[in-house]
Every structure is written in C-alpha cells, then in structure tokens.
Amino acid sequence: LSGTIINLDPGPCFISFVRDISSQKKAEADLLKINEELNMKNEELSASYEEIASSEEEIRSQLEKIQTSEEQTRQKERHLALAQEIGEVGSYEINLPSSEVTGTEEFFRIYGIPWNNSGVIPVSTILDCIPESARIFQEIEYLVQQEKAYSYEFIINPADGTEPRYVRFSARRIKNDEGIPIQNIGVVHDITRESLAVRHLTQTK
C-alpha cells in the first residue's frame, strides 16, 4: 500500500489517503522475471551460437577433407587411365544377370567402340567384334569352370572398322554367397604389336 499524510495547521487534524499498488508491484515483479528469463535466453542463445559456429567449422573442415579425398581419387583415376593407355590394357566387369559390360576408356578404345559417360554397353556389342565368338566363349567357359583366373588370346575386329587386333583376355569369375556366378572381372591387353613382331620374326627365320 502507498499513502500520504497531510498535517493541517493549526489544529491537530490529519488527512490521508491509501492507494493499492499491488498491481504495480506485481507488474514490476513480472517485469523482473521477464528480464531474468530474457537474460537466461540470451545466455542460451550465445551458447547455441558458439556451438553452431563450432559445428560449422567442423563441417567446413570435413568438407575440405572430402574435397581433398575426391581430388586424390580423381588424380588416381587419371593416373590409372594413363597407365592403361600406355600399357594398352583395358579393365572391365561383366554383370552376368544383366549381360552388361562396364569398361574403362582404354577397354572401349581397344574394341573400337565410342566412349560413353556411363562406360556400360551390352555384352552383344563385344561379341559382334569377335569372329567365331561362339567357339571362343565355349573354350573360355571351360577355363571359367576351373574356378581360377584364366587367360585366352584371340583376334577381334574393332567396331570402328580399323585393322584387326590381337588381344589377351584375362579374367576371374565372381560368385555370390550362394555360389551363383554373378560377375566376371578382368582385363583385355592389346598385344597386336607383340604378335605381329613374333610373326615377322618367325617369317624371317
């Protein structure tokens, strides 16, 4: 409560009034409570901001590591492609259930097939480049049944109409956990120059 007392001279008479300030005090208390809550929220926000800033820094660091790793992977892929080009060796995978071949650029080049970004072509495209493909693959199938890496040499007629090439075909068949063949993985080596050199040497002798 709040009040005022007034002394009126000359007699002993006083006049006073009383005012109810409960709502004011309550408002002040509420305001104080709100200020305390705001201060607490500000502290929480500051802590959250620091945590977010720390997380952003960590994410940025992780992103830089990923980018570095991707660049290293791309560099290794370029080196592998260059090594295959120099050695005239192309690697490939044959998905047996889908009858699709996934090959490297050098693999495509050896077979005279235009490169596509997916690196995937039907097996039939490869078979079309191989004279007597039925006989050759029958013999290869025999090697496959030995359940070890196998190698076979034959002549191909590249799809782009260039001169026939001698190739060495080496691969291994992969099976799933149930023992079902699912994939052939291997390499094709262009041995044309080597074979021609041997033939020329033989003829010379």
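I'm counting a residue as buried when its relative accessible area is under 20%. I start there because Arg165 comes in at 13% and is therefore buried. A caution for myself: this is a predicted model.

**Entry 1: Arg165**

I looked up where Arg165 sits, and it lies in strand β7. Which backbone atom lies 2.5 Å from a polar atom of its side chain? I found the backbone oxygen of Ile110 there. Then I listed the contacts of Arg165, leaving aside neighbours within four places in sequence. They include Arg109, Ile110, Tyr111 and Gly112. Phe154, Ile155 and Ile156 are also among them, and so are Pro158, Asp190 and Thr192.

**Entry 2: the aromatics**

Phe154 came up in that contact list, so I went after the rings next. Searching the whole structure gave me 7 aromatic pairs. One of them is Phe154 with Phe169, 6.0 Å centre to centre. Stacked, edge-to-face or tilted? The planes are 50° apart, and I have the pair down as tilted. Phe154 belongs to strand β6 (residues 150-156) and Phe169 to strand β7 (residues 165-175). The two are 15 residues apart, and the pair links distant parts of the chain. Both rings' residues got an accessibility check: Phe154 is buried at 7%, and Phe169 is buried at 5%.

I also noted which aromatics go together. Tyr92, Phe107, Phe108, Tyr111, Trp115, Tyr152, Phe154 and Phe169 make up one cluster.

**Entry 3: the sheet**

Since β6 and β7 keep turning up, I traced the sheet. I got an open sheet of 6 strands with antiparallel pairing, ordered β5-β4-β3-β8-β7-β6. Which strands are at the edges? They are β5 (120-122) and β6, each pairing on one side only. From one strand to the next, the twist averages 30°.

At the β5 end, I looked at its partner β4 (residues 100-103). The two run antiparallel, joined by 3 bridges. Glu100 stands opposite Pro122 of β5.

At the β6 end, I checked what lies across the strands. Helix α4 (residues 133-144) lies across β6 and β7. The helix runs at about 170° to β6.

**Entry 4: Asn116**

Next I picked a loop residue. Asn116 is in the loop between α2 (105-110) and β5. Its relative accessibility is 24%, and I put it down as partly exposed. What does its side chain reach? There is a polar contact of 2.7 Å between the side chains of Asn116 and Ser118. A polar atom of the Asn116 side chain also lies 2.6 Å from the backbone nitrogen of Gly119.

Beyond residues up to four places away in sequence, Asn116 touches Phe108 and Ile121. Phe108 is a member of the aromatic cluster from Entry 2. I also took the C-alpha to C-alpha distance to Thr104: 9.9 Å, with the two positions 12 residues apart in sequence.

**Entry 5: the chain overall**

Last, I pulled the totals. I count 5 helices and 8 strands in the protein chain. From the N terminus on, the elements go β-β-α-β-β-α-β-α-α-β-β-β-α. The chain has 205 residues, of which 20% count as buried. Looking at contacts between residues at least 6 apart in sequence, I find that 36% join residues at least 24 apart. The accessible surface comes to about 15100 Å², with 55% of that belonging to carbon and sulfur atoms.

Definitions and conventions:
Residues are numbered from 1 along each chain as its sequence is written. This is a predicted model: local features need pLDDT of at least 70, side-chain atom pairs count only at pLDDT 80 or more; totals for chains, interfaces and linings use all residues. Side-chain values use heavy atoms; hydrogens and water are left out. Rings of Phe, Tyr and Trp (its six-membered ring) pair if their centres lie within 6.5 Å; planes under 30 degrees apart count as stacked, over 60 as edge-to-face and the rest as tilted. Helices (H or I, at least four residues) and strands (E, at least two) are DSSP runs, numbered from the N terminus. Buried means under 20% relative accessible area, exposed over 50%, partly exposed in between (1.4 Å probe, protein chains only). Two strands pair if DSSP finds at least two bridges between them. Axes are lines fitted to C-alpha atoms, for helices over the stretch in contact, and angles run from 0 to 180 degrees between N-to-C directions. Contact means heavy atoms within 4.5 Å. A polar contact is a pair of N or O atoms within 3.5 Å; within protein, one must be able to donate a hydrogen and the other to accept it, and residues adjacent in sequence count only if both atoms are side-chain atoms. Accessible areas come from the Shrake-Rupley method with a 1.4 Å probe; for residues, only the protein chains shown count as cover.
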